[in-house]
Amino acid sequence: LLGHLDGVWSMRRFALVVWLPISLGMLVVWFWARRADDADFLRRARTGLVGGWLGTIGYDLVRIPFHLAGHNPFPPIRAYGVWLSGVPFSTPWTDLAGFLYHISNGITFGWLYSFLVLRRHWGWGVLWGLALETIAVSTAFGEVFRIRAAYSALSLAYAAHLFYGFPLGQVCRTPERWGRPGWAPRLVFFLLAAWFVAAWQPVGTQPPLRAGEMVIGPRALYPGWADRPLGSDWAISNRLSEPVTVKIRRPSRPLTETETITLGPGQRRVLRLTERGVYQLGLPDHPWRSVFISVHNDGDYRPDIAAANARR
């Protein structure tokens, strides 16, 4: 993910060339440990799996009320699915892929913790979660998604990592008490995945889309996330029978600074994407979720604020 945002490699290519072989290698090691009856390795692997899984569920559940209140704590997960799939815009399938990647991240960090810190106080798990968020904020992730500039989002991110680190720390504190997850965590996991896929647009309502196009209506804004090269055009089409006002937040502008355009029924406007980073487009007069556009220059998504200000 970090290499993708920095323009070092594409997330899809890295997944196919590096992540997939390493994952298969991890399975081989796991089966070898079972064959060799390596009790310590298996205990740490199982504990990290359960702790990372439960921690990620806690991390997500605590953010859902903020989503319902109109905030946007989940869009990066949708971006993961688009970048992993290598497609120009999100669909329910890419949303599911992004969610599974997000869960796998939490499990992997749980494994790292369980192999480094086992049977320690749960506070070490909390510190681990806060350290992970600090690392993310200090890298291109915090720059591209503008977490450093959005203090409310930054506070929520750190608070959510408390709910990741606490379950992880508790599980790793007493690994003998934790075997396979029961039915309740599994049910919560599947309900959470289903909710995430349907949380932005009703499933099955997305109209036929082309790359570089945003459609307003009839039941939502489509797509939820799109990926475009720098300098390309972004078409906005109003499919409603009423005029709408679209609010646009550019990557280089302060979060409180927006611009608006008005489209009549059936009208279409074109926006030139002249800045790297993430654009946000929404309808202030509708409860629908925003559309986010990640714009890159040869794979580099980091906003160039100085260059953008010079063009103004």
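**Figure 1. Overview of the whole chain in this predicted model.** Let's start with the contacts: among those with a separation of 6 or more, 68% join residues 24 or more positions apart. The protein is built from 11 helices and nine strands. Its C-alpha atoms fill a box of roughly 65 × 40 × 35 Å along the principal axes. The radius of gyration is 21 Å, which agrees with the value near 20 Å for a compact globule of 312 residues. Buried residues make up 49% of the 312. The exposed surface comes to about 15,400 Å², and carbon and sulfur atoms supply 62% of that area.

**Figure 2. Close-up of the largest nonpolar core.** This core has 35 residues, and those touching the most other members are Leu5, Trp83, Phe99, Phe141, Phe145 and Trp225. Two or more residues each come from α3 (39-61), α5 (75-85), α6 (92-116), α7 (123-138), α8 (140-144) and α10 (183-198). As general background, nonpolar side chains in soluble globular proteins tend to be buried together. A second, separate core holds 25 residues, including Trp234, Leu240, Val244 and Leu263.

**Figure 3. Phe145 and its contacts from elsewhere in the sequence.** Once neighbours within four places in sequence are set aside, Phe145 is in contact with Leu5, Pro76, Ala79, Trp83 and Trp225. If you have just come from the previous view, you will recognise Leu5, Trp83 and Trp225, which are listed with Phe145 among the core residues that touch the most other members.

**Figure 4. Arg63, a buried arginine in a loop.** Look for Arg63 in the loop between α3 and α4 (64-68). Its relative accessible area is 6%, so Arg63 counts as buried, the cut-off being under 20%. Beyond four places in sequence, Arg63 is in contact with Pro73, Phe74, Ile77, His102, Leu156 and Ala160. Ala160 is 97 residues away from Arg63 along the chain, yet their C-alpha atoms are separated by 6.9 Å. There is also a polar feature to look at here: a polar atom of the Arg63 side chain lies 3.4 Å from the backbone oxygen of Tyr59.

**Figure 5. Asp300 in the loop after β9.** Asp300 sits in the loop between β9 (291-296) and α11 (305-311). With a relative accessible area of 12%, Asp300 is buried. Not counting residues up to four places away in sequence, Asp300 touches Leu5, Asp6, Gly7, Arg276 and Val295. Leu5 may be familiar by now, as it is also in contact with Phe145.

Methods: Residues are numbered from 1 along each chain as its sequence is written. This is a predicted model: local features need pLDDT of at least 70, side-chain atom pairs count only at pLDDT 80 or more; totals for chains, interfaces and linings use all residues. Side-chain values use heavy atoms; hydrogens and water are left out. A nonpolar core is a set of buried Ala, Val, Leu, Ile, Met, Phe, Trp, Tyr and Cys residues joined through side-chain atoms within 4.5 Å. Buried means under 20% relative accessible area, exposed over 50%, partly exposed in between (1.4 Å probe, protein chains only). Helices (H or I, at least four residues) and strands (E, at least two) are DSSP runs, numbered from the N terminus. Contact means heavy atoms within 4.5 Å. A polar contact is a pair of N or O atoms within 3.5 Å; within protein, one must be able to donate a hydrogen and the other to accept it, and residues adjacent in sequence count only if both atoms are side-chain atoms. The radius of gyration is taken over C-alpha atoms; the globule rule is 2.2 Å times the number of residues to the power 0.38. Accessible areas come from the Shrake-Rupley method with a 1.4 Å probe; for residues, only the protein chains shown count as cover.
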